[in-house]
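Trainee: Got a minute? I'd like to go through this one with you.
Mentor: Sure. Put it up and ask away.

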Amino acid sequence: MARKQNDHAQQVPELEERVVSINRVSKTVKGGRRMQLTALVVVGDGKGKVGLGMGKSQEVPNAIRKGVEDAKKNMFKVPLTEDGSVPHEIIGEYGAGRVLIKPAVPGTGVMAGGPVRAVMELAGVKNVITKSLGTSNAMNIVKAAAEGLKGMESPEMVAKRRGVTVEHIFGTKEA
């Protein structure tokens, strides 16, 4: 039985995890204050799959572990170009957080603020320009960036939806 579990563990792609923020919250109860921690974690394989999750616990390691588990459950695919950029410009929105995501030429790198940088790097985006608009709350910014990446469509997806070829969308001659 143990050998089967080891085989399964080797088949799962190696995921990198990054803690974006740890927030201490307190609740006032009859006996005083009850402290709790929330950890916002981003998990990705660097090849177009990324997920984010939040874990709550009395202790930091448990909160991070729960956040990683939640992030693995909420993974999604990001369409990337051959250059390692995003296919088109988009604004992701979540709550008061808005994040502008723009494709960039090769060699630009990841131009993004702290919370959004973690999402972009773990998604495998190599060249992108982002700007967070609205709020400075890390959780809302990360979720807005994720919503923007979920809204991305590759040229192949657009062509299939419209029922035309990719060459027709870009206006090139078909052979």
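Trainee: Where is T130 placed?
Mentor: T130 sits in strand β8, residues 128-133. Keep in mind that this is a predicted model.

Trainee: Is T130 buried or exposed?
Mentor: Buried. Its relative accessibility is 12%, and the cut-off for buried is under 20%.

Trainee: What does T130 touch, leaving out residues up to four places away in sequence?
Mentor: The list is V99, L100, I101, M111, A112, G113, V116 and M120. V116 and M120 are among the buried residues of helix α3.

Trainee: Which residues of α3 are buried, then?
Mentor: Helix α3 covers 114-123. Its buried residues are V116, A118, V119, M120, L122 and A123.

Trainee: Any general rule for reading a list like that?
Mentor: An α-helix has 3.6 residues a turn, so residues three or four places apart point the same way.

Trainee: And E121, where is that?
Mentor: Also in helix α3. E121 is partly exposed, with a relative accessible area of 31%. That value gets this label because partly exposed runs between the 20% and 50% cut-offs.

Trainee: What is E121 in contact with, apart from neighbours within four places?
Mentor: R18, G46 and V110. There is also a C-alpha separation of 8.3 Å between E121 and G44, and those two are 77 residues apart along the chain.

Trainee: What comes just after α3?
Mentor: G124, with a positive phi of about 95°.

Trainee: Switching to loops. Where does A104 lie?
Mentor: In the loop between β6 (97-103) and β7 (110-111).

Trainee: Why does A104 count as buried?
Mentor: Its relative accessible area is 12%, and buried means under 20%.

Trainee: What are the contacts of A104 beyond four places in sequence?
Mentor: S85, N127, V128 and I129. V128 and I129 fall in the range of β8, residues 128-133.

Trainee: How far is A104 from D83 in space?
Mentor: 9.0 Å, C-alpha to C-alpha. In sequence they are 21 residues apart.

Trainee: Let's zoom out. How many helices and strands are there?
Mentor: Six helices and eight strands. From the N terminus the order is α-β-β-β-α-β-β-β-β-α-β-α-α-α.

Trainee: What are the spans of the C-alpha trace?
Mentor: About 75 × 50 × 30 Å along the principal axes.

Trainee: How much of the protein counts as buried?
Mentor: 34% of its 175 residues. The accessible surface is about 10900 Å², and carbon and sulfur atoms account for 50% of that.

Trainee: What about contacts over long stretches of sequence?
Mentor: Take contacts between residues at least 6 apart in sequence. Of those, 54% join residues at least 24 apart.

Trainee: How many charged side chains, positive and negative?
Mentor: 27 positive and 18 negative. The centres of the two sets lie 10 Å apart.

Trainee: Last topic, pockets. What volume does the largest pocket have?
Mentor: About 300 Å³. It is lined by 15 residues, and T81, P87, S154, P155 and F170 are the closest to its centre.

Trainee: Which elements give two or more residues to that lining?
Mentor: α5 (155-162) and α6 (166-170). The largest share, four residues, comes from α5.

Definitions and conventions: Residues are numbered from 1 along each chain as its sequence is written. This is a predicted model: local features need pLDDT of at least 70, side-chain atom pairs count only at pLDDT 80 or more; totals for chains, interfaces and linings use all residues. Side-chain values use heavy atoms; hydrogens and water are left out. Buried means under 20% relative accessible area, exposed over 50%, partly exposed in between (1.4 Å probe, protein chains only). Contact means heavy atoms within 4.5 Å. Accessible areas come from the Shrake-Rupley method with a 1.4 Å probe; for residues, only the protein chains shown count as cover. Lys and Arg count as positive and Asp and Glu as negative; His and the chain ends are not counted. The place of a charge is taken as NZ of Lys, CZ of Arg, CG of Asp or CD of Glu. On a 1 Å grid over the protein atoms alone, a cavity is a set of points where a 1.4 Å probe fits but cannot get out, and a pocket is an open set with protein on both sides within 12 Å along at least five of seven lines; lining residues have an atom within 4 Å of a point. Grid points are joined across faces, edges and corners, and a volume is the space filled by probe spheres set on the points.
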